[in-house]
Amino acid sequence: MTDFVKTEDMAEALPTTDGPPKDQEAYDRAREKGWSAPEPSNYPAENGTEAQSNEVPFVEEAWMHSAQKYEWSEEFGDVGPKITELEAQLFNPDLKPVKGNLFEKQVSSLNLTSIKVIAEAVERPAPIRDFDNAGLHPVIVENIKLSGYDTPTPIQAYTIPAIGKGYDVIGTAQTGSGKTAAYLIPALSKLMGKVKKLAAPRPNLANGFNPDTDMVRAEPLILVVAPTRELCCQIFDESRRLCYRSMLRPCVAYGGGPKREQMDELRKGCDILVATPGRLIDFMSNHPNLLSLNRLRFTIIDEADEMLHDDWEKEMSKIMAGGDTNEDGNHRYMLFSATFNKRMRKLAKKYLSGDHIRIRIGRAGSTHINVQQNVIWVENNEKQKALYDLLISMPPSRTLVFVRSKKTADFVDDYLFNLGLPSTSIHSDRTQREREDAIRAFKSGRAPIMVTTGVSARGLDIRNVMHVINFDLPSIDYDAKMSRTARIGNVGLATSFYNDKDEGMADYLVKILLETGQPIPDFFAERVPEDKKVDFEDDSGAEDDDEGAQDGGGDSW
Ligand code: ADP
Ligand code: MG
């Protein structure tokens with residue numbers, strides 16, 4: 001359902017596809033304003049057959065699952081030699097985060113009382129202050145440096161010692177707070193010195209790979225499960241960086257990508273498997289010789305709150321039980337997400353050890369205090385025009401546009417594209433190839449405007465997004481989570497289109513505006529509380545009734 005209304009403008013601008021721009025004047029104007037020219041995409045058929053001869057050949061790099069990993073040769077000692085080319089690719093400075101306000105805020109918040117650590121354990125590990133003196137394996141410390149991480153984020157400061165000491169962990173912190181590294185760093189670091197002892201035998205890929213003789217069963221030590229394909233690709237990417245020069249080999253498996261090729265990668269050996277639940281279950285159930293979870297040391301569920309819907313219960317049980325056969329029972333479980341809810345507590349009760357540690361990084365006052373928030377009144381039938389005017393009036397910058405429905409995403413993308421703006425879009429009806437291409441185009445700057453439904457963008461780490469536009473605000477019955485999606489690190493400006501259909505979001509928006517000390521538009525005037533106080537306590541922790549936390553439960557640090 002969408003309350004999208006076609007405007008006059010739209011009717012003119014539609015439909016799309018390649019060929020000369022529909023509106024030469026608009027096209028020229030966009031060039032004048034400095035936006036790069038839009039490029040049409042052409043995709044080969046999804047099933048991997050060649051592009052039709054009249055199509056532009058698909059020239060982008062291959063699928064994410066076949067992205068180059070550091071390949072170990074048995075001749076190396078404990079640390080492999082540098083490979084300059086791979087290093088440049090993995091730690092490409094263009095892809096590194098530019099430290100934004102969010103990070104500085106987060107790091108400095110270490111000294112504030114906003115960090116809530118609930119330890120259902122006898123011991124409460126002290127947070128680390130830097131990566132150098134955290135008892136981490138030297139290879140991972142180097143990779144952290146190469147990744148451009150100078151200081152641990154709060155969630156990392158607490159999870160690294162907690163996981164280091166062997167506890168099960170639940171980590172809750174807002175999007176963009178570095179949760180991926182918060183579990184990967186300590187888990188990988190723990191394994192790095194012991195790969196020879198713990199990992200499955202595997203072919204020496206330095207001599208090439210002959211599937212007939214060299215093929216092995218994948219027996220990962222770490223399993224990371226995440227709800228979306230894009231997230232899995234991102235986590236896999238981070239694993240590739242953190243595993244650089246180590247003996248650990250990461251692999252990724254997700255729906256939509258060619259199954260055969262993903263299986264071939266697994267058959268070369270796999271120490272860290274990042275997977276979506278669907279593809280994982282498929283591999284577990286239908287290909288018994290492909291994958292064994294018997295060696296698992298860590299099972300990590302990322303964006304756990306997303307994955308614990310009732311319809312996933314059976315699958316989750318299967319995944320969580322997958323490594324139960326681990327001989328010495330030395331198997332840690334971790335749940336990570338931006339919010340903590342009842343379902344997670346249920347899962348924790350069932351699978352996590354009784355003395356797990358729960359780390360919740362509260363919102364550090366105003367984590368987005370330096371983000372300029374604008375709320376402007378735009379009627380539904382004027383949104384496209386307003387969006388165009390907004391974009392064309394601003395210096396070109398990486399912009400994410402959130403819309404409510406897939407249909408709107410298509411329309412708005414076409415509309416902008418036909419007016420000569422370099423836009424792209426993603427939503428869940430796109431093929432995996434299209435989604436990967438769109439994200440790449442957005443990340444590389446080829447298409448610096450991306451239109452997306454909030455759901456498909458959830459958890460995506462897209463660096464250097466300067467402007468987030470909430471074209472549609474989430475409807476009232478939709479979890480306010482959506483609006484958090486817009487809090488991506490480094491965002492400089494957030495603009496929300498508002499009209500009387502969005503009343504359900506009004507108080508939330510007023511809160512944000514007050515919190516960030518920004519002018520309140522007239523249409524919100526009556527909603528401002530007398531004392532202008534804002535209370536964000538319920539933002540990530542309303543569900544957090546702490547019933548299970550006895551000892552020291554809920555104290556602030
Ligand atoms: P989350 O899962 O909490 O949403 P991510 O793990 O996706 O966050 O990380 C968000 C961004 O922060 C990524 O670009 C990541 O590379 C970066 N990052 C993570 N840890 C650090 C750190 N210690 N210093 C600087 N950047 C970091
Ligand atoms: Mg994440």
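Is Glu142 buried, partly exposed or exposed? Glu142 counts as partly exposed because its relative accessibility is 40%; here buried means under 20% relative accessible area, exposed over 50%, and partly exposed in between, with a 1.4 Å probe and protein chains only.

Before we set off, a word on what you have open. This is a predicted model, in which local features need pLDDT of at least 70 and side-chain atom pairs count only at pLDDT 80 or more, while totals for chains, interfaces and linings use all residues. Residues are numbered from 1 along each chain as its sequence is written, chains are lettered from A and ligands numbered from 1 in the order in which they are written, and side-chain values use heavy atoms, with hydrogens and water left out.

**Stop 1: salt bridges around helix H5**

Keep Glu142 selected and add Arg245: the two form a salt bridge, with their closest N and O atoms 3.0 Å apart. The term stands for a side-chain nitrogen of Lys or Arg within 4 Å of a carboxyl oxygen of Asp or Glu. Glu142 sits in helix H5 and Arg245 in the loop between helix H10 (229-242) and strand S4 (250-253), so this pair ties together parts that are 103 residues apart in sequence. Arg245 is buried, at 15% relative accessible area. Helices (H or I, at least four residues) and strands (E, at least two) are DSSP runs, numbered from the N terminus.

Next, select Asp132 and Lys145, another salt bridge, at 2.8 Å between the closest N and O atoms. Asp132 lies in the loop between strand S1 (115-119) and helix H5 (138-146), and Lys145 in helix H5, so parts 13 residues apart in sequence are tied together. Lys145 is partly exposed, at 37% relative accessibility.

The structure holds 27 salt bridges. For a network of them, select Lys69, Glu71, Arg249, Glu265 and Lys268.

**Stop 2: the nonpolar cores**

Now show Leu136, Leu188, Ile222 and Leu248, the residues with the most contacts inside the largest nonpolar core, which has 64 residues. Such a core is a set of buried Ala, Val, Leu, Ile, Met, Phe, Trp, Tyr and Cys residues joined through side-chain atoms within 4.5 Å. Helix H7 (residues 179-192) supplies the largest share of this core, nine residues. Apart from it lies another core, of 33 residues, Ile170 and Met316 among them.

Centre on Leu188: not counting residues up to four places away in sequence, Leu188 touches Ile140, Ile222, Leu242, Cys243, Leu248 and Ile272. Contact means heavy atoms within 4.5 Å.

**Stop 3: cysteines**

Pick Cys243 from that list. The Cys243 sulfur is 9.9 Å from the closest cysteine sulfur, in Cys270, which is too far for a bond. In fact, the structure holds zero disulfides, a disulfide being a pair of cysteine sulfur atoms within 2.5 Å.

**Stop 4: strand S2**

Finally, select residues 169-172, strand S2: Val169 and Gly171 point one way, Ile170 and Thr172 the other, and all are buried. In a regular strand the side chains alternate between the two faces of the sheet.

Which strands should you show beside S2? Add S7 (residues 332-337), paired with S2 in the parallel sense over four bridges, and S8 (residues 357-361), also parallel to S2 over four bridges. Pairing requires that DSSP finds at least two bridges between two strands. Ile170 has Leu335 as its bridge partner in S7 and Arg358 in S8.
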